[in-house]
Amino acid sequence: MPITPRDQRRLALHAALTAAGIPPRPEDRDAIDQLSTLPPSTHTALQRWLLHAT
């Protein structure tokens, strides 16, 4: 079963947060799910910001 773009963005955000030293907590799940619904360009900016925050 292929992974949806939303799930790809959700997993990428989890990875970017963890790499930035901000491991997601269980209570962050709703926020991460909501961020995953944003357009790909917004998601790319979020990842770029997290990358430069480290």
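## Exercises on a predicted model

The protein chain carries 6 positive and 5 negative side chains, with the centres of the two sets 6 Å apart. The model is a predicted one.

**Exercise 1.** State how many helices and strands the protein chain has, and judge its compactness from the radius of gyration.

*Solution.* Step one: the secondary structure amounts to 3 helices and 0 strands. Step two: in sequence order this gives the pattern α-α-α. Step three: the radius of gyration is 11 Å, and the globule rule gives 10 Å for 54 residues; the two are close, so the chain is as compact as a globular protein of that length. The C-alpha atoms occupy a box of roughly 35 × 25 × 20 Å along the principal axes.

**Exercise 2.** Identify the residues of the largest nonpolar core and the helix that gives the most to it.

*Solution.* Step one: core members must be buried, that is, under 20% relative accessible area. Of the 54 residues in the protein chain, 20% count as buried. Step two: the largest nonpolar core consists of 6 residues, namely L13, A16, L17, A20, I32 and L50. Step three: helix 1, residues 5-19, gives the most to this core, with 3 residues.

**Exercise 3.** List the contacts of I32, leaving aside its neighbours within four places in sequence.

*Solution.* Step one: a contact requires heavy atoms within 4.5 Å. Step two: with those neighbours left out, I32 touches R10, L13, H14, L17 and P24. Step three: L13 and L17 are, like I32, members of the largest nonpolar core.

**Exercise 4.** Give the accessible surface of the protein chain and the share belonging to carbon and sulfur atoms.

*Solution.* The surface comes to about 4,100 Å², and carbon and sulfur atoms account for 61% of it.

Notes:
Residues are numbered from 1 along each chain as its sequence is written. This is a predicted model: local features need pLDDT of at least 70, side-chain atom pairs count only at pLDDT 80 or more; totals for chains, interfaces and linings use all residues. Side-chain values use heavy atoms; hydrogens and water are left out. A nonpolar core is a set of buried Ala, Val, Leu, Ile, Met, Phe, Trp, Tyr and Cys residues joined through side-chain atoms within 4.5 Å. Buried means under 20% relative accessible area, exposed over 50%, partly exposed in between (1.4 Å probe, protein chains only). Helices (H or I, at least four residues) and strands (E, at least two) are DSSP runs, numbered from the N terminus. The radius of gyration is taken over C-alpha atoms; the globule rule is 2.2 Å times the number of residues to the power 0.38. Accessible areas come from the Shrake-Rupley method with a 1.4 Å probe; for residues, only the protein chains shown count as cover. Lys and Arg count as positive and Asp and Glu as negative; His and the chain ends are not counted. The place of a charge is taken as NZ of Lys, CZ of Arg, CG of Asp or CD of Glu.
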